Amino acid sequence: MSEKLIEFRNVTYIYETDEEDEAPSVPALDGVNLTVSKGEFLCVLGHNGSGKSTLAKMCNAILEPTDGEVIVAGMSTKEEENGDLIRRKVGMVFQNPDNQIVATIVEDDVAFGPENLGVEPSEIRRRVDEALKAVNMYDLRLRQPHNLSGGQKQRVAIAGVLAMQTEVIVLDEPTAMLDPVGRQEVLSTIHKLNKELGITVIMVTHFMEEAVDADRVIVMNAGRIVLDGTPREVFSNTAAVKSCGLDVPQSTELCSRLGVKRTVLTAQEAVEEIIKLCGGVV
Amino acid sequence: MISEITIGQYYTGDSLLHRMDPRMKFDLTFLLVVFVFACKSFFSLALVAMFTLVAILFSSVPLKMILRSIKPIVIIILFTAVLNIIYTTGGETYFKWRSIEITEKGINTAIFMAVRIILLVVISSLLTYTTTPTSLTDAIERLLSPLSVFHIKVHTLAMMMTLALRFIPTLIEEIDRIMNAQKARGAELETGGLIARSKALVPVFIPLMVSSFRRAYELAFAMTCRCYTGGEGRTRMKQMKLRARDFLALFTVIAVIAGIFVLNHFFEAVI
(Lines give C-alpha, C1' and ligand atoms only; values in the text may rest on other atoms or scores of the structure.)
Protein backbone atom coordinates (compact mmCIF):
# COMPACT_ATOMS: atom_id res chain seq x y z
CA MET A 1 0.00 0.00 0.00
CA SER A 2 2.93 2.33 -0.28
CA GLU A 3 3.23 2.87 -4.02
CA LYS A 4 2.09 6.37 -4.92
CA LEU A 5 -0.48 6.34 -7.69
CA ILE A 6 -2.01 9.78 -7.66
CA GLU A 7 -0.41 12.82 -6.14
CA PHE A 8 -1.90 16.30 -5.78
CA ARG A 9 0.80 18.90 -5.25
CA ASN A 10 -0.58 22.16 -3.92
CA VAL A 11 -3.44 22.10 -6.44
CA THR A 12 -5.68 25.09 -6.95
CA TYR A 13 -8.52 25.21 -9.43
CA ILE A 14 -10.64 28.18 -10.38
CA TYR A 15 -13.63 27.73 -12.66
CA GLU A 16 -13.68 30.23 -15.49
CA THR A 17 -16.60 32.58 -15.15
CA ASP A 18 -18.32 34.92 -17.57
CA GLU A 19 -16.53 38.20 -18.02
CA GLU A 20 -19.46 40.34 -16.94
CA ASP A 21 -19.64 38.32 -13.76
CA GLU A 22 -17.91 40.73 -11.46
CA ALA A 23 -17.87 38.66 -8.32
CA PRO A 24 -14.35 37.36 -7.78
CA SER A 25 -14.38 33.65 -8.47
CA VAL A 26 -13.84 31.48 -5.45
CA PRO A 27 -11.37 28.65 -6.07
CA ALA A 28 -13.07 25.25 -6.21
CA LEU A 29 -9.85 23.74 -4.96
CA ASP A 30 -7.48 25.72 -2.82
CA GLY A 31 -3.97 24.39 -2.29
CA VAL A 32 -4.85 20.72 -2.02
CA ASN A 33 -2.14 18.20 -1.21
CA LEU A 34 -3.12 14.56 -1.39
CA THR A 35 -1.43 11.26 -2.07
CA VAL A 36 -3.39 8.16 -3.03
CA SER A 37 -1.58 4.82 -2.77
CA LYS A 38 -2.13 1.72 -4.81
CA GLY A 39 -4.94 -0.49 -3.57
CA GLU A 40 -6.41 2.15 -1.29
CA PHE A 41 -10.15 2.73 -0.82
CA LEU A 42 -10.47 6.46 -0.39
CA CYS A 43 -13.73 8.20 0.34
CA VAL A 44 -14.10 11.92 -0.32
CA LEU A 45 -16.79 13.61 1.74
CA GLY A 46 -18.07 17.12 1.58
CA HIS A 47 -21.25 19.11 1.17
CA ASN A 48 -22.30 20.61 -2.17
CA GLY A 49 -19.73 23.00 -3.56
CA SER A 50 -16.94 21.81 -1.31
CA GLY A 51 -14.80 20.92 -4.33
CA LYS A 52 -15.11 17.16 -4.06
CA SER A 53 -16.31 16.64 -7.64
CA THR A 54 -13.62 18.96 -8.93
CA LEU A 55 -11.07 16.87 -7.08
CA ALA A 56 -12.44 13.73 -8.74
CA LYS A 57 -12.29 15.23 -12.22
CA MET A 58 -8.67 16.21 -11.68
CA CYS A 59 -7.68 12.58 -11.21
CA ASN A 60 -7.98 11.67 -14.87
CA ALA A 61 -6.96 14.87 -16.60
CA ILE A 62 -10.51 15.96 -17.42
CA LEU A 63 -9.72 19.16 -15.58
CA GLU A 64 -6.25 20.65 -15.39
CA PRO A 65 -5.14 22.46 -12.26
CA THR A 66 -5.01 26.24 -12.48
CA ASP A 67 -2.05 26.11 -10.17
CA GLY A 68 0.02 23.25 -8.78
CA GLU A 69 0.30 19.81 -10.28
CA VAL A 70 -1.50 16.48 -10.36
CA ILE A 71 0.78 13.49 -11.00
CA VAL A 72 -0.85 10.21 -12.01
CA ALA A 73 1.51 7.23 -12.19
CA GLY A 74 4.41 9.57 -12.81
CA MET A 75 2.65 11.64 -15.48
CA SER A 76 1.54 15.23 -15.03
CA THR A 77 -2.03 15.94 -16.11
CA LYS A 78 -0.86 19.28 -17.44
CA GLU A 79 0.77 17.73 -20.48
CA GLU A 80 -1.79 17.43 -23.26
CA GLU A 81 -0.39 14.17 -24.65
CA ASN A 82 -0.61 12.46 -21.26
CA GLY A 83 -4.41 12.79 -21.17
CA ASP A 84 -5.16 9.57 -22.96
CA LEU A 85 -2.44 7.61 -21.17
CA ILE A 86 -3.76 8.78 -17.81
CA ARG A 87 -7.33 7.87 -18.72
CA ARG A 88 -6.08 4.35 -19.47
CA LYS A 89 -5.01 4.14 -15.82
CA VAL A 90 -7.86 6.03 -14.17
CA GLY A 91 -11.44 5.24 -15.08
CA MET A 92 -14.40 7.29 -14.01
CA VAL A 93 -18.02 6.62 -13.13
CA PHE A 94 -20.45 9.52 -12.92
CA GLN A 95 -23.56 10.24 -10.94
CA ASN A 96 -26.18 9.86 -13.66
CA PRO A 97 -26.01 6.37 -15.17
CA ASP A 98 -28.15 7.42 -18.13
CA ASN A 99 -25.65 9.95 -19.37
CA GLN A 100 -22.66 7.66 -19.51
CA ILE A 101 -24.03 4.61 -21.29
CA VAL A 102 -23.23 4.80 -24.98
CA ALA A 103 -24.58 1.65 -26.62
CA THR A 104 -28.04 0.17 -26.92
CA ILE A 105 -27.00 -3.25 -25.62
CA VAL A 106 -25.34 -3.82 -22.24
CA GLU A 107 -22.37 -5.84 -23.51
CA ASP A 108 -21.74 -3.40 -26.36
CA ASP A 109 -21.50 -0.62 -23.86
CA VAL A 110 -18.99 -2.48 -21.71
CA ALA A 111 -16.97 -3.11 -24.88
CA PHE A 112 -16.88 0.59 -25.74
CA GLY A 113 -13.79 1.42 -23.65
CA PRO A 114 -11.57 -1.47 -24.78
CA GLU A 115 -12.69 -0.86 -28.37
CA ASN A 116 -11.43 2.71 -28.07
CA LEU A 117 -8.12 1.39 -26.77
CA GLY A 118 -7.75 -0.79 -29.86
CA VAL A 119 -7.73 -4.10 -27.98
CA GLU A 120 -7.95 -7.34 -29.99
CA PRO A 121 -11.58 -8.45 -30.54
CA SER A 122 -11.19 -11.83 -28.81
CA GLU A 123 -9.52 -10.12 -25.85
CA ILE A 124 -12.35 -7.55 -25.68
CA ARG A 125 -14.87 -10.41 -25.56
CA ARG A 126 -12.95 -12.01 -22.68
CA ARG A 127 -12.66 -8.74 -20.75
CA VAL A 128 -16.32 -7.87 -21.28
CA ASP A 129 -17.48 -11.25 -20.00
CA GLU A 130 -15.14 -11.03 -17.05
CA ALA A 131 -16.17 -7.47 -16.18
CA LEU A 132 -19.87 -8.31 -16.42
CA LYS A 133 -19.38 -11.33 -14.17
CA ALA A 134 -17.45 -9.22 -11.65
CA VAL A 135 -20.36 -6.78 -11.29
CA ASN A 136 -22.89 -9.61 -11.41
CA MET A 137 -24.54 -8.46 -14.63
CA TYR A 138 -23.50 -11.28 -16.94
CA ASP A 139 -27.01 -12.70 -17.22
CA LEU A 140 -28.34 -9.34 -18.36
CA ARG A 141 -25.61 -8.75 -20.97
CA LEU A 142 -28.02 -8.72 -23.91
CA ARG A 143 -30.55 -6.37 -22.34
CA GLN A 144 -31.17 -2.81 -23.39
CA PRO A 145 -29.91 -0.27 -20.85
CA HIS A 146 -33.18 1.63 -20.64
CA ASN A 147 -34.88 -1.50 -19.31
CA LEU A 148 -32.49 -1.77 -16.36
CA SER A 149 -32.84 -0.33 -12.87
CA GLY A 150 -30.60 2.53 -11.76
CA GLY A 151 -28.36 0.23 -9.73
CA GLN A 152 -27.99 -2.15 -12.65
CA LYS A 153 -27.15 0.70 -15.03
CA GLN A 154 -24.53 1.99 -12.62
CA ARG A 155 -23.01 -1.51 -12.41
CA VAL A 156 -22.86 -1.58 -16.21
CA ALA A 157 -20.97 1.71 -16.07
CA ILE A 158 -18.56 0.18 -13.54
CA ALA A 159 -18.10 -2.87 -15.77
CA GLY A 160 -17.30 -0.49 -18.62
CA VAL A 161 -14.41 0.90 -16.60
CA LEU A 162 -13.31 -2.56 -15.44
CA ALA A 163 -13.08 -3.82 -19.01
CA MET A 164 -10.56 -1.06 -19.68
CA GLN A 165 -8.46 -2.60 -16.89
CA THR A 166 -7.66 0.69 -15.25
CA GLU A 167 -5.74 0.71 -12.00
CA VAL A 168 -7.96 3.30 -10.38
CA ILE A 169 -11.70 3.83 -10.46
CA VAL A 170 -12.94 7.27 -9.54
CA LEU A 171 -16.64 7.36 -8.70
CA ASP A 172 -18.35 10.73 -8.51
CA GLU A 173 -21.39 10.25 -6.26
CA PRO A 174 -22.24 6.93 -7.91
CA THR A 175 -25.20 6.27 -5.64
CA ALA A 176 -26.77 9.72 -5.47
CA MET A 177 -29.57 8.89 -7.92
CA LEU A 178 -30.27 5.36 -6.74
CA ASP A 179 -32.81 3.79 -4.42
CA PRO A 180 -31.55 1.99 -1.27
CA VAL A 181 -31.43 -1.42 -2.99
CA GLY A 182 -29.51 -0.06 -5.97
CA ARG A 183 -27.18 1.79 -3.66
CA GLN A 184 -26.37 -1.36 -1.73
CA GLU A 185 -25.73 -3.29 -4.97
CA VAL A 186 -23.35 -0.67 -6.25
CA LEU A 187 -21.51 -0.26 -2.95
CA SER A 188 -20.91 -3.96 -2.44
CA THR A 189 -19.69 -4.20 -6.04
CA ILE A 190 -17.20 -1.40 -5.48
CA HIS A 191 -15.92 -2.98 -2.27
CA LYS A 192 -15.57 -6.34 -3.96
CA LEU A 193 -13.48 -4.85 -6.76
CA ASN A 194 -11.23 -3.15 -4.27
CA LYS A 195 -10.71 -6.26 -2.13
CA GLU A 196 -10.63 -9.00 -4.74
CA LEU A 197 -9.06 -7.28 -7.73
CA GLY A 198 -6.96 -4.79 -5.82
CA ILE A 199 -8.32 -1.84 -7.74
CA THR A 200 -7.71 1.52 -6.16
CA VAL A 201 -11.01 3.27 -5.47
CA ILE A 202 -11.66 6.96 -5.00
CA MET A 203 -15.31 7.49 -4.17
CA VAL A 204 -16.92 10.88 -3.80
CA THR A 205 -20.09 10.82 -1.76
CA HIS A 206 -22.22 12.78 0.62
CA PHE A 207 -23.62 9.75 2.38
CA MET A 208 -21.69 9.29 5.62
CA GLU A 209 -22.71 5.66 5.95
CA GLU A 210 -20.91 4.89 2.70
CA ALA A 211 -17.62 6.17 4.06
CA VAL A 212 -17.62 3.84 7.06
CA ASP A 213 -16.08 0.89 5.22
CA ALA A 214 -13.39 2.90 3.43
CA ASP A 215 -9.69 2.60 4.26
CA ARG A 216 -9.37 6.32 4.42
CA VAL A 217 -11.71 9.27 4.48
CA ILE A 218 -11.01 12.86 3.59
CA VAL A 219 -13.46 15.63 4.34
CA MET A 220 -13.48 18.69 2.14
CA ASN A 221 -14.75 22.14 2.85
CA ALA A 222 -14.43 25.27 0.69
CA GLY A 223 -11.86 23.67 -1.57
CA ARG A 224 -9.59 22.44 1.20
CA ILE A 225 -9.03 19.09 2.84
CA VAL A 226 -10.00 19.61 6.47
CA LEU A 227 -9.90 16.07 7.83
CA ASP A 228 -7.92 13.09 6.65
CA GLY A 229 -7.70 9.69 8.31
CA THR A 230 -9.42 6.37 8.88
CA PRO A 231 -13.21 6.56 9.18
CA ARG A 232 -12.89 6.08 12.94
CA GLU A 233 -10.40 8.92 13.30
CA VAL A 234 -12.46 11.25 11.15
CA PHE A 235 -15.83 10.55 12.71
CA SER A 236 -14.46 10.71 16.24
CA ASN A 237 -14.02 14.40 15.53
CA THR A 238 -17.76 15.05 15.47
CA ALA A 239 -17.44 18.80 15.96
CA ALA A 240 -15.07 19.24 12.99
CA VAL A 241 -17.25 17.10 10.74
CA LYS A 242 -20.32 19.09 11.68
CA SER A 243 -18.59 22.40 11.11
CA CYS A 244 -18.21 21.34 7.46
CA GLY A 245 -21.96 21.08 7.13
CA LEU A 246 -21.92 17.29 7.33
CA ASP A 247 -23.26 14.77 9.77
CA VAL A 248 -21.53 11.79 11.30
CA PRO A 249 -23.19 8.39 10.65
CA GLN A 250 -26.38 7.89 12.64
CA SER A 251 -24.91 5.11 14.79
CA THR A 252 -21.95 7.33 15.68
CA GLU A 253 -24.26 10.20 16.57
CA LEU A 254 -26.49 8.01 18.70
CA CYS A 255 -23.65 6.49 20.69
CA SER A 256 -21.84 9.76 21.27
CA ARG A 257 -25.08 11.22 22.64
CA LEU A 258 -25.43 8.19 24.87
CA GLY A 259 -21.99 9.02 26.20
CA VAL A 260 -20.16 6.02 24.75
CA LYS A 261 -16.40 6.70 24.72
CA ARG A 262 -15.51 4.57 21.68
CA THR A 263 -16.26 5.99 18.22
CA VAL A 264 -18.95 3.71 16.90
CA LEU A 265 -19.30 3.41 13.11
CA THR A 266 -21.81 0.71 12.26
CA ALA A 267 -25.22 -0.28 13.52
CA GLN A 268 -23.72 -3.58 14.72
CA GLU A 269 -21.21 -1.77 16.92
CA ALA A 270 -23.93 0.50 18.21
CA VAL A 271 -25.97 -2.54 19.24
CA GLU A 272 -22.96 -3.95 21.13
CA GLU A 273 -22.36 -0.67 22.95
CA ILE A 274 -25.98 -0.25 23.90
CA ILE A 275 -26.11 -3.79 25.24
CA LYS A 276 -23.04 -2.95 27.33
CA LEU A 277 -24.77 0.18 28.60
CA CYS A 278 -27.74 -1.90 29.66
CA GLY A 279 -25.42 -4.08 31.65
CA GLY A 280 -25.48 -6.95 29.19
CA VAL A 281 -29.19 -7.54 29.66
CA VAL A 282 -31.46 -7.09 26.67
CA MET B 1 -47.18 4.32 -21.33
CA ILE B 2 -45.11 5.94 -24.09
CA SER B 3 -41.91 4.63 -22.56
CA GLU B 4 -42.89 1.14 -23.61
CA ILE B 5 -42.01 1.56 -27.25
CA THR B 6 -39.24 -0.66 -28.48
CA ILE B 7 -36.60 0.88 -30.64
CA GLY B 8 -36.12 -0.59 -34.06
CA GLN B 9 -38.66 -3.27 -33.08
CA TYR B 10 -35.96 -5.88 -32.56
CA TYR B 11 -37.32 -9.32 -31.70
CA THR B 12 -34.90 -11.22 -29.47
CA GLY B 13 -34.07 -14.60 -30.90
CA ASP B 14 -31.34 -16.87 -32.10
CA SER B 15 -32.60 -18.02 -35.46
CA LEU B 16 -30.72 -18.49 -38.70
CA LEU B 17 -31.76 -15.00 -39.75
CA HIS B 18 -30.67 -13.52 -36.44
CA ARG B 19 -27.25 -15.06 -36.80
CA MET B 20 -26.69 -13.89 -40.36
CA ASP B 21 -24.15 -11.18 -41.00
CA PRO B 22 -26.04 -7.87 -40.76
CA ARG B 23 -24.22 -6.56 -43.84
CA MET B 24 -25.48 -9.45 -45.89
CA LYS B 25 -28.97 -9.05 -44.48
CA PHE B 26 -28.91 -5.38 -45.34
CA ASP B 27 -27.72 -6.02 -48.89
CA LEU B 28 -30.17 -8.83 -49.51
CA THR B 29 -33.07 -6.80 -48.16
CA PHE B 30 -32.09 -4.00 -50.48
CA LEU B 31 -31.88 -6.38 -53.46
CA LEU B 32 -35.25 -7.94 -52.71
CA VAL B 33 -36.94 -4.57 -52.26
CA VAL B 34 -35.56 -3.43 -55.60
CA PHE B 35 -36.55 -6.59 -57.41
CA VAL B 36 -40.06 -6.66 -55.99
CA PHE B 37 -40.53 -3.79 -58.40
CA ALA B 38 -39.26 -5.95 -61.24
CA CYS B 39 -42.11 -8.42 -60.74
CA LYS B 40 -44.54 -8.12 -63.60
CA SER B 41 -46.77 -11.17 -63.32
CA PHE B 42 -48.65 -12.72 -60.42
CA PHE B 43 -46.38 -15.74 -60.64
CA SER B 44 -43.15 -13.82 -60.08
CA LEU B 45 -44.79 -11.93 -57.25
CA ALA B 46 -45.94 -15.23 -55.76
CA LEU B 47 -42.35 -16.46 -55.91
CA VAL B 48 -41.16 -13.52 -53.83
CA ALA B 49 -44.09 -13.99 -51.45
CA MET B 50 -43.18 -17.65 -51.02
CA PHE B 51 -39.59 -16.77 -50.39
CA THR B 52 -40.65 -14.17 -47.82
CA LEU B 53 -42.83 -16.73 -46.06
CA VAL B 54 -39.95 -19.18 -45.88
CA ALA B 55 -37.72 -16.41 -44.54
CA ILE B 56 -40.33 -15.63 -41.85
CA LEU B 57 -40.37 -19.29 -40.86
CA PHE B 58 -36.57 -19.26 -40.59
CA SER B 59 -36.61 -16.06 -38.54
CA SER B 60 -38.66 -17.50 -35.63
CA VAL B 61 -40.48 -14.15 -35.49
CA PRO B 62 -44.13 -14.93 -34.70
CA LEU B 63 -46.60 -14.21 -37.50
CA LYS B 64 -48.47 -11.91 -35.14
CA MET B 65 -45.46 -9.60 -34.97
CA ILE B 66 -45.20 -9.56 -38.74
CA LEU B 67 -48.90 -8.68 -39.06
CA ARG B 68 -48.38 -5.89 -36.55
CA SER B 69 -45.85 -4.31 -38.88
CA ILE B 70 -48.46 -4.21 -41.65
CA LYS B 71 -51.12 -2.66 -39.45
CA PRO B 72 -50.01 0.97 -39.73
CA ILE B 73 -50.06 0.84 -43.53
CA VAL B 74 -53.46 -0.83 -44.00
CA ILE B 75 -55.00 2.52 -44.82
CA ILE B 76 -52.36 3.25 -47.44
CA ILE B 77 -52.90 -0.18 -48.99
CA LEU B 78 -56.68 0.28 -49.12
CA PHE B 79 -56.31 3.77 -50.50
CA THR B 80 -54.01 2.72 -53.34
CA ALA B 81 -56.19 -0.30 -54.05
CA VAL B 82 -59.30 1.85 -54.39
CA LEU B 83 -57.51 4.34 -56.61
CA ASN B 84 -56.16 1.56 -58.78
CA ILE B 85 -59.57 -0.06 -59.15
CA ILE B 86 -61.12 3.20 -60.23
CA TYR B 87 -58.45 4.66 -62.44
CA THR B 88 -56.94 1.65 -64.16
CA THR B 89 -59.05 0.47 -67.02
CA GLY B 90 -58.66 -2.32 -69.53
CA GLY B 91 -59.86 -5.84 -70.19
CA GLU B 92 -63.36 -6.96 -69.30
CA THR B 93 -65.65 -4.41 -67.65
CA TYR B 94 -67.51 -5.75 -64.64
CA PHE B 95 -69.32 -2.66 -63.49
CA LYS B 96 -70.02 0.76 -64.83
CA TRP B 97 -71.65 3.76 -63.22
CA ARG B 98 -71.27 7.18 -64.77
CA SER B 99 -67.54 7.68 -65.26
CA ILE B 100 -66.54 5.01 -62.72
CA GLU B 101 -65.61 1.79 -64.40
CA ILE B 102 -64.38 -1.33 -62.66
CA THR B 103 -62.44 -3.53 -64.98
CA GLU B 104 -60.48 -6.75 -64.85
CA LYS B 105 -57.21 -4.89 -65.23
CA GLY B 106 -58.15 -2.46 -62.49
CA ILE B 107 -58.79 -5.24 -59.99
CA ASN B 108 -55.66 -7.09 -60.98
CA THR B 109 -53.53 -3.97 -60.59
CA ALA B 110 -55.10 -3.21 -57.23
CA ILE B 111 -54.32 -6.67 -55.88
CA PHE B 112 -50.88 -6.61 -57.38
CA MET B 113 -50.00 -3.25 -55.84
CA ALA B 114 -51.39 -4.22 -52.44
CA VAL B 115 -49.33 -7.42 -52.37
CA ARG B 116 -46.28 -5.50 -53.49
CA ILE B 117 -46.57 -2.92 -50.71
CA ILE B 118 -47.16 -5.65 -48.13
CA LEU B 119 -44.10 -7.53 -49.35
CA LEU B 120 -41.94 -4.41 -49.20
CA VAL B 121 -42.97 -3.73 -45.62
CA VAL B 122 -42.66 -7.34 -44.48
CA ILE B 123 -39.23 -7.81 -46.05
CA SER B 124 -37.80 -4.66 -44.55
CA SER B 125 -39.37 -5.25 -41.14
CA LEU B 126 -37.91 -8.74 -41.17
CA LEU B 127 -34.52 -7.04 -41.27
CA THR B 128 -35.27 -4.86 -38.26
CA TYR B 129 -36.94 -7.73 -36.37
CA THR B 130 -33.84 -9.90 -36.63
CA THR B 131 -31.10 -7.27 -36.34
CA THR B 132 -30.32 -5.12 -33.30
CA PRO B 133 -30.11 -1.40 -33.99
CA THR B 134 -26.46 -1.55 -32.96
CA SER B 135 -25.48 -4.17 -35.49
CA LEU B 136 -27.60 -2.40 -38.08
CA THR B 137 -25.66 0.84 -37.62
CA ASP B 138 -22.47 -1.21 -37.54
CA ALA B 139 -23.39 -2.78 -40.84
CA ILE B 140 -24.23 0.60 -42.33
CA GLU B 141 -20.92 1.97 -41.10
CA ARG B 142 -19.02 -0.83 -42.75
CA LEU B 143 -21.02 -0.77 -45.95
CA LEU B 144 -20.51 2.97 -46.28
CA SER B 145 -16.84 2.88 -45.32
CA PRO B 146 -15.69 3.26 -48.97
CA LEU B 147 -17.19 6.76 -48.78
CA SER B 148 -14.32 7.81 -46.52
CA VAL B 149 -12.40 8.26 -49.78
CA PHE B 150 -14.52 11.38 -50.23
CA HIS B 151 -13.60 12.54 -46.70
CA ILE B 152 -17.01 11.63 -45.34
CA LYS B 153 -16.65 10.69 -41.68
CA VAL B 154 -18.61 7.47 -41.80
CA HIS B 155 -17.66 6.43 -38.28
CA THR B 156 -18.84 9.73 -36.81
CA LEU B 157 -22.15 9.43 -38.63
CA ALA B 158 -22.65 5.88 -37.39
CA MET B 159 -21.74 6.92 -33.84
CA MET B 160 -24.30 9.71 -34.02
CA MET B 161 -26.94 7.24 -35.16
CA THR B 162 -26.10 4.83 -32.34
CA LEU B 163 -26.28 7.61 -29.76
CA ALA B 164 -29.55 8.90 -31.19
CA LEU B 165 -31.05 5.42 -30.93
CA ARG B 166 -29.66 5.03 -27.45
CA PHE B 167 -31.19 8.28 -26.21
CA ILE B 168 -34.66 7.96 -27.71
CA PRO B 169 -36.10 6.06 -24.72
CA THR B 170 -34.25 8.32 -22.27
CA LEU B 171 -35.67 11.45 -23.87
CA ILE B 172 -39.16 9.97 -24.05
CA GLU B 173 -39.00 9.36 -20.32
CA GLU B 174 -37.81 12.89 -19.86
CA ILE B 175 -40.72 14.32 -21.88
CA ASP B 176 -43.10 12.25 -19.78
CA ARG B 177 -41.56 13.65 -16.61
CA ILE B 178 -41.59 17.26 -17.79
CA MET B 179 -45.20 16.98 -18.99
CA ASN B 180 -46.25 15.62 -15.62
CA ALA B 181 -44.36 18.39 -13.85
CA GLN B 182 -46.05 21.03 -15.98
CA LYS B 183 -49.46 19.42 -15.51
CA ALA B 184 -48.90 19.45 -11.76
CA ARG B 185 -48.45 23.21 -12.07
CA GLY B 186 -51.73 23.54 -13.88
CA ALA B 187 -50.57 23.45 -17.49
CA GLU B 188 -53.32 22.29 -19.81
CA LEU B 189 -51.65 20.12 -22.39
CA GLU B 190 -54.60 18.10 -23.58
CA THR B 191 -57.32 20.65 -24.07
CA GLY B 192 -57.95 23.47 -26.50
CA GLY B 193 -57.46 23.82 -30.20
CA LEU B 194 -54.43 23.02 -32.24
CA ILE B 195 -52.79 26.39 -31.65
CA ALA B 196 -53.49 26.41 -27.92
CA ARG B 197 -52.06 22.93 -27.61
CA SER B 198 -48.95 23.71 -29.60
CA LYS B 199 -48.41 26.75 -27.45
CA ALA B 200 -48.80 24.62 -24.35
CA LEU B 201 -45.97 22.41 -25.57
CA VAL B 202 -43.44 25.24 -25.51
CA PRO B 203 -42.88 24.90 -21.75
CA VAL B 204 -42.31 21.19 -22.34
CA PHE B 205 -39.77 21.49 -25.11
CA ILE B 206 -37.67 24.27 -23.67
CA PRO B 207 -36.72 22.27 -20.55
CA LEU B 208 -36.22 19.27 -22.81
CA MET B 209 -33.75 21.20 -24.95
CA VAL B 210 -31.89 22.47 -21.92
CA SER B 211 -31.62 19.04 -20.36
CA SER B 212 -30.58 17.49 -23.68
CA PHE B 213 -27.66 19.88 -23.88
CA ARG B 214 -26.71 19.03 -20.34
CA ARG B 215 -26.89 15.33 -21.15
CA ALA B 216 -24.82 15.80 -24.29
CA TYR B 217 -22.18 17.61 -22.28
CA GLU B 218 -22.03 14.89 -19.64
CA LEU B 219 -22.00 12.17 -22.27
CA ALA B 220 -19.10 13.81 -24.08
CA PHE B 221 -17.30 13.91 -20.74
CA ALA B 222 -17.98 10.24 -20.09
CA MET B 223 -16.87 9.28 -23.59
CA THR B 224 -13.61 11.17 -23.18
CA CYS B 225 -13.07 9.34 -19.90
CA ARG B 226 -13.42 6.09 -21.78
CA CYS B 227 -10.67 7.14 -24.17
CA TYR B 228 -12.94 7.82 -27.14
CA THR B 229 -11.00 9.79 -29.72
CA GLY B 230 -13.00 9.03 -32.85
CA GLY B 231 -12.88 6.17 -35.29
CA GLU B 232 -9.13 5.90 -35.71
CA GLY B 233 -7.36 3.05 -33.95
CA ARG B 234 -10.64 1.60 -32.74
CA THR B 235 -11.30 -2.12 -32.79
CA ARG B 236 -14.65 -3.84 -32.56
CA MET B 237 -15.63 -6.62 -30.19
CA LYS B 238 -18.13 -8.05 -32.62
CA GLN B 239 -16.33 -8.96 -35.78
CA MET B 240 -18.48 -9.41 -38.80
CA LYS B 241 -17.63 -12.48 -40.74
CA LEU B 242 -19.41 -13.90 -43.74
CA ARG B 243 -20.18 -17.55 -43.17
CA ALA B 244 -21.60 -20.39 -45.24
CA ARG B 245 -25.15 -19.42 -44.24
CA ASP B 246 -24.66 -15.90 -45.62
CA PHE B 247 -23.56 -17.21 -49.00
CA LEU B 248 -26.40 -19.72 -48.96
CA ALA B 249 -28.82 -16.84 -48.41
CA LEU B 250 -27.13 -14.86 -51.15
CA PHE B 251 -27.48 -17.68 -53.66
CA THR B 252 -31.09 -18.24 -52.70
CA VAL B 253 -31.87 -14.58 -53.26
CA ILE B 254 -30.05 -14.61 -56.59
CA ALA B 255 -32.07 -17.67 -57.57
CA VAL B 256 -35.28 -15.87 -56.57
CA ILE B 257 -34.29 -12.85 -58.65
CA ALA B 258 -33.50 -15.08 -61.64
CA GLY B 259 -36.86 -16.77 -61.06
CA ILE B 260 -38.59 -13.38 -61.18
CA PHE B 261 -37.26 -12.73 -64.67
CA VAL B 262 -37.99 -16.25 -65.92
CA LEU B 263 -41.59 -16.06 -64.70
CA ASN B 264 -41.96 -12.52 -66.08
CA HIS B 265 -40.91 -13.90 -69.43
CA PHE B 266 -43.31 -16.82 -69.53
CA PHE B 267 -46.40 -15.34 -67.98
CA GLU B 268 -48.56 -12.43 -68.92
CA ALA B 269 -47.67 -9.11 -67.30
CA VAL B 270 -50.30 -7.60 -65.03
CA ILE B 271 -48.87 -4.11 -65.10
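The exercises below, each with a worked solution, concern charged side chains, burial and backbone angles in a predicted model.

**Exercise 1. Classify the two partners of the salt bridge between Arg224(A) and Asp30(A), and locate them in the chain.**

Step 1. The bridge joins the side chains of Arg224(A) and Asp30(A), with an N to O distance of 2.9 Å. This is within the 4 Å cut-off for a salt bridge.

Step 2. Arg224(A) belongs to strand E10 (residues 224-229) of chain A, and Asp30(A) to strand E2 (residues 29-37) of chain A. The two residues are 194 residues apart, and the pair links distant parts of the chain.

Step 3. Partly exposed covers the range between 20% and 50% relative accessible area. Arg224(A) is partly exposed because its relative accessibility is 46%. Asp30(A), at 23%, is therefore partly exposed too.

**Exercise 2. Trace the salt bridge of Glu115(A) across the chains and decide whether its partners are buried or exposed.**

Step 1. The partner of Glu115(A) is Arg234(B), and their closest N and O atoms are 2.9 Å apart.

Step 2. The pair crosses between chains: Glu115(A) sits in helix H3 (residues 106-117) of chain A, while Arg234(B) sits in the loop between helix H9 (194-225) and helix H10 (244-266) of chain B.

Step 3. Buried means under 20% relative accessible area. Glu115(A) has 8%, so Glu115(A) is buried. Arg234(B) has 14%, so Arg234(B) is buried.

Step 4. The pair is part of a network of salt bridges that links Glu115(A), Asp138(B), Glu141(B), Arg142(B), Arg234(B) and Arg236(B). Over all chains, the count of salt bridges comes to 36.

**Exercise 3. Describe the surroundings of Lys52(A).**

Step 1. Lys52(A) is in helix H1 (residues 52-58) of chain A.

Step 2. Its relative accessibility is 4%, so Lys52(A) counts as buried.

Step 3. The side chain of Lys52(A) reaches the backbone oxygen of Gly46(A) at 3.2 Å. A polar contact at 3.4 Å connects the side chains of Lys52(A) and Glu173(A).

**Exercise 4. Name the members of the negative surface patch that includes Glu81(A), and explain why Glu81(A) counts as exposed.**

Step 1. The patch is formed by Glu64(A), Glu79(A), Glu80(A) and Glu81(A).

Step 2. Glu81(A) lies in the loop between strand E5 (75-76) and helix H2 (82-89) of chain A.

Step 3. Exposed means over 50% relative accessible area. Glu81(A) counts as exposed because its relative accessibility is 58%.

**Exercise 5. For Asn136(A) and Ser60(B), give the sign of phi, the location and the exposure class.**

Step 1. Asn136(A) has a positive phi, near 65 degrees, and is a residue other than glycine. Ser60(B) is not a glycine either, and its phi is positive at about 60 degrees.

Step 2. Asn136(A) is in the loop between helix H4 (121-134) and helix H5 (150-162) of chain A. Ser60(B) is in the loop between helix H3 (42-59) and helix H4 (63-70) of chain B.

Step 3. Asn136(A) is exposed because its relative accessibility is 62%. Ser60(B) has a relative accessible area of 41%, so Ser60(B) is partly exposed.

Definitions and conventions: Residues numbered from 1 in each chain as written. Chains lettered and ligands numbered in written order. Predicted model: local features only at pLDDT ≥ 70, side-chain atom pairs only at ≥ 80, totals over all residues. Heavy atoms only, no water. Patch = residues over 30% accessible without salt bridge, like charges linked within 9 Å, V, L, I, M, F, W, Y side chains within 5 Å. Areas by Shrake-Rupley, 256 points an atom, 1.4 Å probe, with all protein chains shown as cover. Lys, Arg positive; Asp, Glu negative; His and termini not counted. Charge placed at Lys NZ, Arg CZ, Asp CG, Glu CD. Helix = DSSP H or I, 4+ residues; strand = E, 2+ residues; numbered from the N terminus. Buried < 20%, exposed > 50% of the residue type's maximum accessible area, 1.4 Å probe, protein only. Polar contact = N/O pair within 3.5 Å; in protein donor to acceptor, adjacent residues only side chain to side chain.
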